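User: I would like to learn how to read a buried position and a nonpolar core in a protein model. Could you take me through an example?

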Amino acid sequence: MRVVLAEDLYLLRQGLVQLLEAEGFEIVAAVANGPELLRVLVDERPDVAVVDVRLPPTFTDEGIQAALEARRQVPGLPVLVLSQHVESLYARELLADGAGGIGYLLKDRVFNSDQFVDAVRRVADGGTSMDPQVISRLLAGNARREPLAALTQREREVLSLMAEGCSNAAVAQRLTISQGAVAKYTTNIFTKLDIVQSDDHNRRVLAVLAYLNTPKDAAGA
C-alpha cells in the first residue's frame, strides 16, 4: 500500500515513516509543505495520503487545501487528516463529494499504533475513520433540519460508531449488545436512509457520509 505523508515536524514525520514502513506500507514521499504535497499527490496518486492541516509556508490550512485540490484532480483520492486542530469547514468539504476514503484523527487522541494503522488501512480501502470530537464539531456546525429523524436513538448511536470506523463487533462491544442486534440496526439504517442494496462496505460508507453531512438538530433529535 503506497502512502504519502505530509507533516512539517521532522521528528514526527520520521516517526510516522518508520511506523508505517514497519507495518508493510510503502512511503512514496514524506513532505513538509503544502505545494510539495499537492504536486506529489497528483503525480504519484498514492493509495492514501496522511496529511496535517497546517503546513508551511503560512501554517494555516495549506495541508488540507492541498488535499482538497488533489481530490478535485484525482477524484476519490483517500485522505486521512492527522492534526491537532478540527477544521470543520474543510472536513465537511472533504466529505461533500460522497466518495468516501476520508478520515480525520486528532494527534493527541491517537493512543496506540494499532489505532492509527487501522485508520490508514480503512481510509485507503474507501472507508471512514473519524474522531468523535470531529464528528461532534461537524454536527454542531449546521442549524438546518435534514431527514435523519426517522432513525431511533439506538440507530443513531450505531451510526455514530460506524462513523468512527467501528466494525459490527466493535459496535456490539461498545453498546453492550449482540452482533445480531447490530446487524438488525444497520439494516434498518440503510432502509430508512434509502441506501439501495449493494456491497455492505459501500452502504456503510454512504450511511456515514449521510450522517456526517446532516446537521446536529436532525442527527441528534
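Analyst: What follows looks at one arginine and then at the nonpolar cores, and the model under discussion is a predicted one.

User: Where is R204 placed, and is R204 buried or exposed?

Analyst: A residue counts as buried when its relative accessible area is under 20%. R204, which sits in helix α10 (residues 200–212), has a relative accessible area of 15% and is therefore buried.

User: Which polar contact does the side chain of R204 make with another side chain, and what lies 2.7 Å from a polar atom of the R204 side chain on the backbone of C166?

Analyst: The side chain of R204 makes a polar contact with the side chain of N168 at 2.7 Å, while on C166 the atom in question is the backbone oxygen. Both C166 and N168 also belong to the list of residues in contact with R204 once neighbours within four places in sequence are left aside, a list completed by M162, S167, T186 and F190.

User: How many residues does the largest nonpolar core have, and what gives the most to this core?

Analyst: In soluble globular proteins, nonpolar side chains tend to be buried together. Here the largest nonpolar core has 54 residues, and L37, Y104, M130, L159, A207 and L212 are those with the most contacts inside it. Helix α10 gives the most to this core, with six residues, and the core draws at least three residues from each of domain 1 (2–142) and domain 2 (153–213).

User: Which residues does the second, separate core include?

Analyst: That core has 18 residues, among them V3, V50, L80 and V120.

Notes. Residues numbered from 1 in each chain as written. Predicted model: local features only at pLDDT ≥ 70, side-chain atom pairs only at ≥ 80, totals over all residues. Heavy atoms only, no water. Helix = DSSP H or I, 4+ residues; strand = E, 2+ residues; numbered from the N terminus. Buried < 20%, exposed > 50% of the residue type's maximum accessible area, 1.4 Å probe, protein only. Polar contact = N/O pair within 3.5 Å; in protein donor to acceptor, adjacent residues only side chain to side chain. Contact = heavy atoms within 4.5 Å. Core = buried A, V, L, I, M, F, W, Y, C linked by side-chain atoms within 4.5 Å. Domains from an automatic or database assignment.
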